[in-house]
Amino acid sequence: MTTLKSKLHDDLTAAIKARDELRSSTLRLTLTAIAKEEVAGDAARELSDAEVEKIIAREAKKRREAAEAFAQGGRAEQAERERAEGELLADYLPKQLTDDELDGLVAEAVEEAKAGGAEGPRAMGAVMKIVNPKVAGRAEGGRVAAAVKRRLAG
C-alpha cells in the first residue's frame, strides 16, 4: 500500500474512533474513489503516491465546485460542508504555489519557449508543455493557463 493511501486509512480509523463524522465521511469517499481507480481498466493495480495525489486533488476540486453551486443555489449550510471537506482534503496535497512563485515559473517557461522559436499568443501550447510538469499538483490548471495568458499578452 502506498504511504499516502495508508495515511488516509490510518486517519480514517482515528476519525471513526474520535466520532468525527465530517472527516470520516470525507476520507471514506476519497478512499472509495481511490479503490475505484485501482480496479478500473483491464487489471487491478496498486496506485502510486502521485496517482493517489491526483485523485485527492480531483476530489477536492469537486468539493470546491459543489460549494460554489450550493452557494449560488442559496444552500449556505451545504456549501459550508462542501468547503470544509475540500479544506480537509487539501491537507493531504502538496502546498499550493503562491501567485508570485507561479508567475516566476511561467516567466521561465515563456523564455524557454521563445528560445525554441515560439512567440506571442500562439505559444500558449508550447509554454503549457514546459510549465505543467514543473507545477504538477501544486497549482490548478486554470490558474496556470491564466498566468500563461497574462504573461504572453503582456
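**Exercise 1. Does L27 count as buried or exposed, and at what relative accessibility?**

Solution.
- The model is predicted.
- Place the residue: L27 sits in helix α2.
- Apply the cut-off: buried means under 20% relative accessible area.
- L27 has 0% relative accessibility, so L27 counts as buried.
- List the contacts beyond four places in sequence: L27 touches L8, D11, L12, L88 and Y92.
- Check a distance: the C-alpha atoms of L27 and A66 are 17 Å apart. Along the chain, 39 residues separate L27 and A66.

**Exercise 2. Classify K5, R19 and K61 by accessibility.**

Solution.
- Recall the cut-offs: under 20% is buried, over 50% is exposed, and partly exposed lies in between.
- Take K5, a residue of helix α1 (residues 3-17). Its relative accessible area is 11%, so K5 is buried.
- Look at what surrounds K5: with residues up to four places away in sequence left out, K5 touches L31, I34, E38, E46 and D49.
- Take R19, in the loop between α1 and α2 (21-39). Its relative accessible area is 75%, so R19 is exposed.
- Note the backbone of R19: phi is positive, about 60°, although R19 is not a glycine.
- Take K61, in helix α3. Its relative accessibility is 39%, so K61 counts as partly exposed.
- Add a distance for K61: K61 and K149 lie 22 Å apart, C-alpha to C-alpha, with their positions 88 residues apart in sequence.

**Exercise 3. Compare the span of α5 and of α6 with the expected value, then find the buried residues of each helix.**

Solution.
- Start with α5 (99-115). The helix has 17 residues. From first C-alpha to last, α5 reaches 24 Å, close to the 24 Å expected at 1.5 Å a residue.
- Turn to α6 (residues 124-135), with twelve residues. At 1.5 Å a residue, α6 should span 16 Å. Its end C-alpha atoms are 16 Å apart, so the two values agree.
- A reminder on helix geometry: an α-helix has 3.6 residues a turn, so residues three or four places apart point the same way.
- Now list the buried residues of α5: L102, L105, V106, A107, A109, V110 and A113. They pack against α6 and α7.
- Do the same for α6: M124, V127, M128, I130, V131 and V135 are buried. They pack against α5 and α7.
- Finish with what follows each helix. After α5 comes G117, with a positive phi near 100°. After α6 comes G137, with a positive phi near 80°.

**Exercise 4. Which residues have the most contacts inside the largest nonpolar core?**

Solution.
- Take the core as a whole: the largest nonpolar core has 20 residues.
- Pick out those with the most contacts inside the core: L102, V127, V131, V135, V144 and V148.
- Assign the elements: α5, α6 and α7 each give two or more residues to this core.
- Separate the other core: apart from the largest one lies a core of 16 residues, among them L4, L8, I34 and A60.
- Zoom in on V148: beyond four places in sequence, V148 touches V106, M124, V127, M128 and V131.

**Exercise 5. Where is L97 found, and which residues does L97 contact?**

Solution.
- Locate the residue: L97 lies in the loop between α4 and α5.
- Apply the accessibility value: at 8%, L97 counts as buried.
- Read off the contacts, leaving aside neighbours within four places: L102, L105, V135, R138, A139 and R143 are in contact with L97.
- Add the backbone distance: the C-alpha atoms of L97 and G137 are separated by 9.4 Å. Along the chain, L97 and G137 are 40 residues apart.

**Exercise 6. Describe the lining of the largest pocket.**

Solution.
- Give the volume: about 600 Å³ for the largest pocket.
- Count the lining: 26 residues line the largest pocket. Closest to its centre are A57, R64, L93, Q96 and E140.
- Assign the elements: α3 (49-72), α4 (76-90) and α7 (141-153) each supply at least two lining residues. The largest share, eleven residues, comes from α3.
- Sort by type: the lining divides into nine nonpolar, four polar and 13 charged residues.

Technical notes: Residues are numbered from 1 along each chain as its sequence is written. This is a predicted model: local features need pLDDT of at least 70, side-chain atom pairs count only at pLDDT 80 or more; totals for chains, interfaces and linings use all residues. Side-chain values use heavy atoms; hydrogens and water are left out. On a 1 Å grid over the protein atoms alone, a cavity is a set of points where a 1.4 Å probe fits but cannot get out, and a pocket is an open set with protein on both sides within 12 Å along at least five of seven lines; lining residues have an atom within 4 Å of a point. Grid points are joined across faces, edges and corners, and a volume is the space filled by probe spheres set on the points. Helices (H or I, at least four residues) and strands (E, at least two) are DSSP runs, numbered from the N terminus. Ala, Val, Leu, Ile, Met, Phe, Trp, Tyr, Cys and Pro count as nonpolar, Asp, Glu, Lys and Arg as charged, and the others, Gly among them, as polar. Buried means under 20% relative accessible area, exposed over 50%, partly exposed in between (1.4 Å probe, protein chains only). Contact means heavy atoms within 4.5 Å. The expected span of a helix is 1.5 Å times one less than its number of residues. A nonpolar core is a set of buried Ala, Val, Leu, Ile, Met, Phe, Trp, Tyr and Cys residues joined through side-chain atoms within 4.5 Å.
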